[in-house]
2 protein chains.
Amino acid sequence: MSEPTIITVAITGSLPKKANNPAVPITVTEQVESTHEAFEAGASLAHCHVRNDDESPSSDPEKFARLLEGLRKHCPGMIVQFSTGGRSGSGRERGGMLSLKPDMASLSTGSVNFPTRVYENYPDLVDWLAEEMLRYGVKPEIEAFDLSMIFKAAEMAKDGRIAGPLHVQFVMGVKNAMPVDRESFDFFVRTLKRLAPDATFTGAGIGRHQATLVEWSLAAGGHCRT
Amino acid sequence: MSEPTIITVAITGSLPKKANNPAVPITVTEQVESTHEAFEAGASLAHCHVRNDDESPSSDPEKFARLLEGLRKHCPGMIVQFSTGGRSGSGRERGGMLSLKPDMASLSTGSVNFPTRVYENYPDLVDWLAEEMLRYGVKPEIEAFDLSMIFKAAEMAKDGRIAGPLHVQFVMGVKNAMPVDRESFDFFVRTLKRLAPDATFTGAGIGRHQATLVEWSLAAGGHCRT
Ligand SMILES: [Zn+2]
Ligand SMILES: [Zn+2]
Ligand SMILES: [Zn+2]
Ligand SMILES: [Zn+2]
C-alpha cells in the first residue's frame with residue numbers, strides 16, 4: 001500500500017488509574033499534554049477516552065469538547081478519535097459527544113465476552129451510533145473483537161449505514177474474546193479484503209500483545225497503533 | 001471418519017408458536033410423540049426446549065423431567081440433549097435441569113448479537129454451566145456462534161473445565177451473528193482441529209440455511225442435524 005502508515009496513540013484508555021500507573025493522564029489538561037508529546041514523536045491519531053474527577057470512565061460531552069479543543073490547538077492536523085466503548089456509560093450516552101464532530105470514533109459492531117462481563121453493543125445501539133456518525137461526518141473505526149463483527153461492518157458499509165471505505169481494527173488478547181492468534185488474524189485480513197476490497201485495517205493487542213499485533217498488521221499491509 | 005453420522009432432531013425450538021405453525025409440539029406429550037416419529041425415521045439425538053402453557057419458553061426442571069422420562073420410554077437409546085439457551089430464563093435458571101442428567105446439554109461459550117438483542121452468556125455463567133455438566137456427567141454440545149467461542153471451548157477442554165473430547169456445533173445464519181459463509185465454516189473446522197484434534201463437530205443453519213450447513217458439515221466430516 002502506498003498510503004502513509006498511521007501511528008496511533010491511545011491516551012488513558014478506559015481502565016488504568018493513577019494508583020496503578022502514576023503516568024496515566026487523567027485530567028483533560030494532562031491528556032492534551034501527553035498527546036502533544038506523542039504527536040511530536042510522530043503519532044498522527046489520538047484514540048481518546050475521558051475520565052471523571054474520581055478517575056472513573058466518563059462519557060461527558062463537555063469533557064470531550066475541552067479535549068477536542070485542546071488537541072486541535074496543540075496538535076494541529078492530528079486525527080482525533082473518540083471512544084464510544086461501553087465502560088463510559090450505558091446505551092446512547094456512549095454517543096452523546098459525536099455531535100462535536102471528532103474526525104473519527106470507535107464503533108463495535110457486535111457483542112462479545114470480556115474478562116468479567118459482556119461487552120454489550122446491542123443491535124439498535126450499533127445502528128444508532130452509526131447513524132450519528134453519518135449525520136456528523138465522523139469516520140468510524142470498527143473495533144472487531146470477533147469475526148462476525150467484520151461481516152456486520154461490511155454489511156453496513158454495503159447498505160450505506162456506514163460511509164466507506166471501511167476502516168477496521170482487529171482487537172486480540174482480551175480474555176474471553178479473541179486470543180492473539182496469527183492464523184485468525186490472517187483470516188480476518190483475508191475476509192475483510194474479500195467483503196470490502198477498499199477497506200483499510202489495523203491490529204490492536206492488549207498490553208504485552210501490542211508489539212505482536214503491530215508487527216502482524218504492518219506485515220499484512222495495515223496501519224499500526226502504539 | 002468411521003463413526004456413524006448422528007442425525008439430530010430439534011423439537012420445538014425456543015421461538016415458534018402454534019399460531020405460526022400449528023404443527024409445533026408444545027406440551028410435553030406432543031413433544032414426546034413428535035420426537036418418537038423422528039426417532040423411527042432415523043434421528044438419534046433430540047435437542048430439547050420446553051414451553052410454558054402459554055407457549056413461552058420455560059426452564060422449568062419439572063417439565064424437563066417429564067420430557068426426559070417420556071423420551072427414555074418412547075425412544076430407547078436416543079441421545080437427549082437439553083438446551084441451556086438464553087430464551088428460557090435468566091442466569092442460573094438456565095441450568096437448573098442439568099441435575100436430571102440428560103445425555104447432553106448445549107453450552108454457548110461466549111456472547112454475541114442476535115437479531116434484536118444480545119445473546120448473553122457472561123463468563124461466570126459459562127463456567128457455572130460447565131461445572132454443572134461436569135458434576136452430573138452431562139456432555140456439552142458447544143454452540144459456537146462465532147470464532148472466539150471455539151477458542152474459549154478449546155481452552156476449557158484443555159484445563160479440564162469441559163470433559164473431552166469436545167463436540168462443537170457451528171451455528172450460522174442468525175442475523176447479527178455469523179452469516180452462512182463457506183470460507184468461515186471451513187476456517188472454523190480447521191481451527192477446531194488445530195486446537196482440539198480429537199473434537200467432533202456439526203453445523204447448524206437457521207431455517208432455510210439448514211440444508212446448506214448439513215451439506216458443508218458432512219463434506220467436512222461432521223455430523224448433521226435436521
Ligand atoms: Zn479505547
Ligand atoms: Zn502542548
Ligand atoms: Zn435450541
Ligand atoms: Zn410414542
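Tutor: Buried means under 20% relative accessible area. Keep that cut-off in hand for this predicted model.

Student: Is A:S58 buried or exposed?
Tutor: A:S58 sits in strand β4, residues 57-58 of chain A. Its relative accessibility is 5%. The cut-off for buried is under 20%. A:S58 therefore counts as buried.

Student: How many Å apart in space are A:S58 and A:S148, C-alpha to C-alpha?
Tutor: In sequence, A:S58 and A:S148 are 90 residues apart. In space, C-alpha to C-alpha, they are separated by 28 Å.

Student: Which residues coordinate the zinc ion (ligand 1)?
Tutor: Look for NE2 atoms at 2.0 to 2.1 Å from the zinc ion (ligand 1). Both residues that supply them are buried. They are A:H47 and A:H49.

Student: Which protein donors does the zinc ion (ligand 2) have?
Tutor: The donors of the zinc ion (ligand 2) lie 1.9 to 2.6 Å from it. Their spacing in sequence is E-x2-H-x37-H. One OE and two ND1 positions are involved: A:E33 (OE), A:H36 (ND1) and A:H74 (ND1).

Student: Why are A:E33 and A:H36 separated by about one helical turn?
Tutor: Both belong to helix α1 of chain A, residues 28-40. The answer lies in their spacing along that helix, which is three residues.

Student: Is A:H36 buried or exposed?
Tutor: Compare it with A:E33, which is partly exposed at 34% relative accessibility. A:H36 has a relative accessible area of 19%. Buried means under 20%, so A:H36 is buried.

Student: At what angle do α1(A) and α2(A) pack?
Tutor: Two packed helices are described by the angle between their axes and the distance between the axes. For α1(A) and α2(A), residues 61-74, the axes are 9 Å apart. The crossing is right-handed. The packing angle is about 35°.

Student: Which residues of α2(A) make the contact with α1(A)?
Tutor: From α1(A) come A:V28, A:Q31, A:V32, A:E33, A:T35, A:H36 and A:F39. The residues of the contact divide into five nonpolar, five polar and three charged. The α2(A) side consists of A:K63, A:R66, A:L67, A:G70, A:L71 and A:H74.

Student: Turn to chain B. What is the handedness of the crossing of α1(B) and α2(B)?
Tutor: Helix α1 of chain B covers residues 28-40, and helix α2 of chain B covers residues 61-74. They pack at about 35°, with axes 9 Å apart. Their crossing is right-handed.

Student: Which protein donors does the zinc ion (ligand 4) have?
Tutor: The donors lie 1.9 to 2.5 Å from the zinc ion (ligand 4). Along the chain they follow E-x2-H-x37-H. The E and the H at the start of that spacing are both in helix α1 of chain B, about one turn of the helix apart. The donors are B:E33 (OE), B:H36 (ND1) and B:H74 (ND1).

Student: How is chain A laid on chain B?
Tutor: Two copies of a chain are related by a rotation about an axis and a shift along it. Here the shift along the axis is 0.0 Å, and the RMSD is 0.0 Å. The turn is 180°. The two copies are thus related as by a two-fold rotation axis.

Student: Which C-alpha of chain A is nearest the axis?
Tutor: That C-alpha lies 2.7 Å from the axis. It belongs to A:V112.

Student: Why do the copies meet through the same surface?
Tutor: Check the interface residues of chain A against chain B. The share that are also interface residues in chain B is 100%.

Student: What is omega for the cis peptide bond between A:G164 and A:P165?
Tutor: A:P165 lies in the loop between α4 (147-158) and β10 (167-172) of chain A. In chain B, the bond from B:G164 to B:P165 is also cis, with omega near -10°. For A:G164 and A:P165, omega is about -10°.

Student: What is phi of B:N176?
Tutor: B:N176 lies in the loop between β10 and α5 (182-195) of chain B. It is buried, with a relative accessible area of 7%. Its phi is positive although B:N176 is a residue other than glycine. The value is near 80°.

Key: Residues are numbered from 1 along each chain as its sequence is written. Chains are lettered from A and ligands numbered from 1 in the order in which they are written. This is a predicted model: local features need pLDDT of at least 70, side-chain atom pairs count only at pLDDT 80 or more; totals for chains, interfaces and linings use all residues. Side-chain values use heavy atoms; hydrogens and water are left out. Axes are lines fitted to C-alpha atoms, for helices over the stretch in contact, and angles run from 0 to 180 degrees between N-to-C directions. Helices (H or I, at least four residues) and strands (E, at least two) are DSSP runs, numbered from the N terminus. A crossing is left-handed if the near helix is turned anticlockwise from the far one by less than a right angle, and right-handed if clockwise. Copies are superposed by least squares on the C-alpha atoms of residues with pLDDT of at least 70 in both. Contact means heavy atoms within 4.5 Å. Donors are N, O and S atoms within 2.8 Å of the metal (3.2 Å for Na, K and Ca); water is not among the atoms, so sites may look incomplete. Buried means under 20% relative accessible area, exposed over 50%, partly exposed in between (1.4 Å probe, protein chains only). Ala, Val, Leu, Ile, Met, Phe, Trp, Tyr, Cys and Pro count as nonpolar, Asp, Glu, Lys and Arg as charged, and the others, Gly among them, as polar.
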